[in-house]
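Here's a quick walk through one model, written for someone who would rather look at the atoms than read a long preamble. Have the viewer open and follow along.

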Amino acid sequence: MGAQGPAALQPASTYATTHNMEHFLAVAKDAAHQAGALLRANWLQPKTIEMKTDIVDLVTNVDKESDALITGLLRTHFPTHQIIAEESAVSGQESPYQWYIDPIDGTTNFAHGFPHFAVSIALGHESRMIVAVVHDPIRGETFSATRDGGAFLNDAPLRVSQAPSLDQSLVLTGFPYDRRKRSEYYLRFYQAFMMRTQGVRRCGSAALDLCYVACGRADAFWEWRLHPWDTAAGSLIVEEAGGKMSDFIGEPFRIHGEQTLASNGLLHEEMLTVLRELI
Ligand code: IPD
Ligand code: CA
Ligand code: CA
């Protein structure tokens, strides 16, 4: 292939030159696929279900097995990296490299045999996400991204939608685990978007919600009080697919923050106008 071929069209990747991104991505995909196979083998089987804090915050034996599988694999490949996984304590010494793991995002769906959940794995370097994988084992869909390297669904490049305004949009949301205490407050947001969009969906996996914005199946997503492992991978996938991330007043998105807003970019200001009025 000459200088005009696909390789010449790739954006220059500053991260790819300084980090072993291909290796990071390959290990993350391998871990997500192995954990995905575990989820697929167990989603219709009887599970041990425990309540973490109250009756809407569940954890199953498979969450813990998936967590152990992924963290074990990452520790073998990257013994000096720190690992922050939902179902285990932070492991490894302080490091500029931090892995964020959600061994099952969508545990309530998984526990009920509702076929919509994913494994989410991201690598941050000095607080910036640089590698992301979200794997849906039921549909066989692997969303991935590397910083400056684009976003993909399996092997196909991803792009956000072109929906220009809220009245032509389908948007996604979720309700955090304190929803019984603050139901009226959260429903105000739901109602506002119900009145302005073509539809609001609550699918039960924030990692997949973000990936669905990234690939144009939905046009925007908002949710309160997500955890770093819910959003670390999906937020990079949205950005690399050309979308926008922020909090609810338009400040930069932080995985440790309380507010997650993702959009195709075109809708962002309209989403912010509604959110700013309600918070
Ligand atoms: C949950 C899911 C859900 C969202 C919750 C999350 P989990 O993660 O992403 O969509 O609404 O806020 O905590 O508990 O299934 O890993
Ligand atoms: Ca989660
Ligand atoms: Ca989880």
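Which residue of strand 5 does D102 stand opposite? D102 stands opposite S120.

## Ground rules

This is a predicted model, so to speak a calculation throughout: local features need pLDDT of at least 70, side-chain atom pairs count only at pLDDT 80 or more, and totals for chains, interfaces and linings use all residues. Residues are numbered from 1 along each chain as its sequence is written, chains are lettered from A and ligands numbered from 1 in the order in which they are written, and side-chain values use heavy atoms, with hydrogens and water left out.

## The sheet

Start with the open sheet: seven strands in the order 3-4-5-6-7-8-9, with mixed pairing. Strands here are DSSP E runs of at least two residues, helices are H or I runs of at least four, and both are numbered from the N terminus. Two strands count as paired if DSSP finds at least two bridges between them. The edges are strand 3 (82-85) and strand 9 (156-157), each pairing on one side only.

Moving inwards, strand 4 and strand 5 are antiparallel over seven bridges. Strand 5 (residues 118-125) also runs antiparallel to strand 6, again with seven bridges, and S120 faces V134 of strand 6 there. So S120 has D102 opposite in one pairing and V134 opposite in the other. Strand 6 (residues 128-136) is largely enclosed by the rest of the structure, because eight of its nine residues are buried (buried is under 20% relative accessible area, exposed over 50%, partly exposed in between, with a 1.4 Å probe and protein chains only).

## Hairpins down the line

Strand 6 then pairs with strand 7 (residues 141-146), antiparallel over six bridges, with T146 as the bridge partner of V131. T146 turns up again in the next pairing, where its partner in strand 8 is G150; strand 7 and strand 8 (residues 150-153) are antiparallel over four bridges. Strand 8 and strand 9 share two bridges, also antiparallel, and L153 is matched with A156.

Check the phi angles in the turns:

- Strand 5 to strand 6: two residues between the strands, with E126 at a positive phi of about 50 degrees.
- Strand 6 to strand 7: four residues between, with G140 at a positive phi near 65 degrees.
- Strand 7 to strand 8: three residues between, with D148 at a positive phi of about 70 degrees.
- Strand 8 to strand 9: two residues between, with N154 at a positive phi of about 50 degrees.

## Around ligand 1

How many residues surround ligand 1? There are 16, and the closest are D105, G106, T107, Y177 and E223 (near means a heavy atom within 4 Å). Strand 4 (residues 97-105) gives the most to this shell, with three residues.

For polar contacts (N or O pairs within 3.5 Å; within protein, one atom must be able to donate a hydrogen and the other to accept it, and sequence neighbours count only if both atoms are side-chain atoms), oxygen atoms of ligand 1 lie 2.8 Å from a side-chain N or O of Y177, 3.2 Å from a polar side-chain atom of D102 and 3.1 Å from a backbone N or O of G204. Taken alone, ligand 1 exposes 380 Å², and the protein buries 97% of that (Shrake-Rupley areas, 1.4 Å probe; for residues, only the protein chains shown count as cover).

## One loop residue

S205 sits in the loop between strand 11 (199-201) and helix 7 (206-214). S205 is buried, at 0% relative accessible area, and a polar side-chain atom of S205 is 3.2 Å from the backbone nitrogen of L208.
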